[in-house]
Amino acid sequence: MPGALQRPAVVSRVSDLIGHTPLLELAATETGSRLLLKLEMFNPTGTAKIRMARQMIVDAEERGALRAGGRIIESTSGNTGLGLAVVAAERGYTFTAVVDHHACTDKLRAMKALGTELVYVAEGGDGEELATAAREELAEELARGRDNTVFTEQHNNPSNGVGYFPVAHELHEALEGRLDVLIGAVGTGGALCGTTRELRKLIPEFTTVGVEPKGSIAFGGPAHDYYQSGTGTPEGAEIGALVDFDLIDEGVKVGDVEAFAACRAVARTGLLIGGSAGGVVHEALTRLTTLPPGSTMVALVNDGGEKYLDTVFDDSWMQARSLLDPDAEREIDELLTKLRRNR
């Protein structure tokens, strides 16, 4: 199994700090059901995706595709790029990230600070369009025919899913095998489907719920633009090979307004979560009271909110995009207040 359940007291590389992330009980019902958040922002770079970034590189090394002095190329909206930047830096590789202007500025700055070469699909552009398909094409073109160069291709790389197997073991150990619902965002599919695949070997009976933004197409249309970053499948992009519908018992959609309202409401409990995590938490809170008494639901919170202070948590940015909804925030505030009394 990739990773170990016990971390040494002293480590020698940043990537050795991956994993062992905590569970936080956010809410509970009067009937004893509880919502636990798997806080993946406690990984280096503040995101779950460093788990699969490391695994993709380890597997490329083991099959001989990547050797000393090699180059890594990936299309990324930010979090996968941050993980690859860390692993590349500590192992001596060059990393080229193909990005668009949809990614949050702080993620791009952080990648650059870690030594990453940023290549934009629209140099000099200032739009916010998500250009997943164009990024993928350019990344593939940059890697084609180059020796000792790997396009990690996160959307179709089996190592992506394998990188999340340790999450399953961490949950199994922490919950002593008691889990009823696992809910998480669906982008590449690696985190939710990889965790589910391994966890079903350990806990056979639980329900997996996938969450994507309204406008994403993995669970059907209609397609339109959305602002939740690092998740979903926009129009024109192929659904990744790691999105295994046989492992997802139910697929749902949450709009930007609701997702970001949840982020802002949860922040008032003392926790900052990212935009796509807001969609997951919104859906989890909505269905918590409908679960049988004594149920345990775990939400995968794959990203912290610190990278979104200029977007999700900025009133001006939200208002300019018609995303600010005080009523939606108030509704979640009231629900959280009620459910947090039962903890």
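This is a conversation about reading sheets, helices and buried residues in a predicted model.

Trainee: Let's start with the sheets. What is the strand order in the open sheet of four strands?

Mentor: The order is S5-S4-S3-S6, and the pairing is parallel. Strand order tells you who sits beside whom in the sheet, so look for the edges next: S5 (117-120) and S6 (149-151) have a single partner strand each, which leaves one side of each without a neighbour in the sheet. From one strand to the next, the twist averages 20°.

Trainee: How many bridges join S3 to S4?

Mentor: Five, between S3 (residues 71-75) and S4 (residues 94-99), and the two strands run parallel. To get the register, pick one residue and find its partner: Ser 75 has Val 98 in S4 as its bridge partner.

Trainee: And which helix packs on that sheet?

Mentor: Helix H4 (residues 132-143) does, touching S3, S4, S5 and S6. The direction of H4 makes about 160° with that of S3.

Trainee: Back to Ser 75 for a moment. Is Ser 75 buried or exposed?

Mentor: Anything under 20% relative accessible area is called buried. Ser 75 has 0% relative accessibility, so it counts as buried. Ser 75 is found in strand S3.

Trainee: What is Ser 75 in contact with, leaving aside its neighbours within four places in sequence?

Mentor: Val 98, Thr 132, Arg 135, Glu 136, Ala 139, Phe 151 and Gln 154. You can also compare separation in sequence with separation in space. Ser 75 and Ala 134 are 59 residues apart along the chain, while their C-alpha atoms are 9.1 Å apart.

Trainee: On to helices. How do I check the span of H2 against what 1.5 Å a residue predicts?

Mentor: Put the expected span beside the distance between the end C-alpha atoms. For the 13 residues of H2 (residues 79-91) the expected span is 18 Å, and the end C-alpha atoms are 19 Å apart, which agrees.

Trainee: Why is H2 described as largely enclosed by the rest of the structure?

Mentor: Because 10 of its 13 residues are buried. Among them are Leu 82, Leu 84, Val 86 and Val 87. What covers the buried residues of H2 includes helix H1 (50-62), S3, S4 and helix H3 (105-113).

Trainee: What follows H2?

Mentor: Gly 92 does, and its phi is positive, near 80°.

Trainee: Let me try the same reading on H8. What does its span look like?

Mentor: H8 (residues 256-267) has 12 residues and reaches 16 Å from first C-alpha to last, close to the 16 Å expected. Nine of those 12 residues are buried, so to speak of it as mostly covered is fair. The buried ones include Phe 260, Cys 263, Arg 264 and Val 266.

Trainee: What covers the buried residues of H8?

Mentor: The cover includes two strands, S1 (23-28) and S9 (250-254), along with helices H9 (275-288), H10 (315-320) and H11 (326-340).

Trainee: S1 and S9 are new to me. Where do they stand in the open sheet of six strands?

Mentor: At the edges, each with a single partner strand, so one side of each has no neighbour in the sheet. The full order is S1-S2-S10-S7-S8-S9, with mixed pairing. Here the twist averages 25° from one strand to the next.

Trainee: How does S8 pair within that sheet?

Mentor: Take the partners in turn. S7 (residues 181-185) is joined to S8 by five bridges, running parallel, and Gly 184 stands opposite Gly 210 in S8. The chain gets from S7 to S8 through helix H7 (residues 190-202), and this β-α-β crossover is right-handed. S8 also pairs with S9 in the parallel sense over five bridges. In S9, Glu 250 is the bridge partner of Val 209, and Gly 251 is that of Gly 210. As for cover, six of the seven residues of S8 (residues 207-213) are buried.

Trainee: Last topic: how many disulfides does the structure hold?

Mentor: A disulfide is a covalent bond between the sulfur atoms of two cysteines. The structure holds zero. You can still read the cysteines for burial: Cys 193 counts as buried at 4% relative accessibility, and Cys 263 counts as buried at 0%.

Notes:
Residues numbered from 1 in each chain as written. Predicted model: local features only at pLDDT ≥ 70, side-chain atom pairs only at ≥ 80, totals over all residues. Heavy atoms only, no water. Expected span 1.5 Å × (residues − 1). Buried < 20%, exposed > 50% of the residue type's maximum accessible area, 1.4 Å probe, protein only. Contact = heavy atoms within 4.5 Å. Pairing = 2+ DSSP bridges. Axes fitted to C-alpha atoms, helices over the stretch in contact; angles between N-to-C directions. Disulfide = S-S within 2.5 Å. Right-handed = clockwise from strand over helix to strand, strands pointing away.
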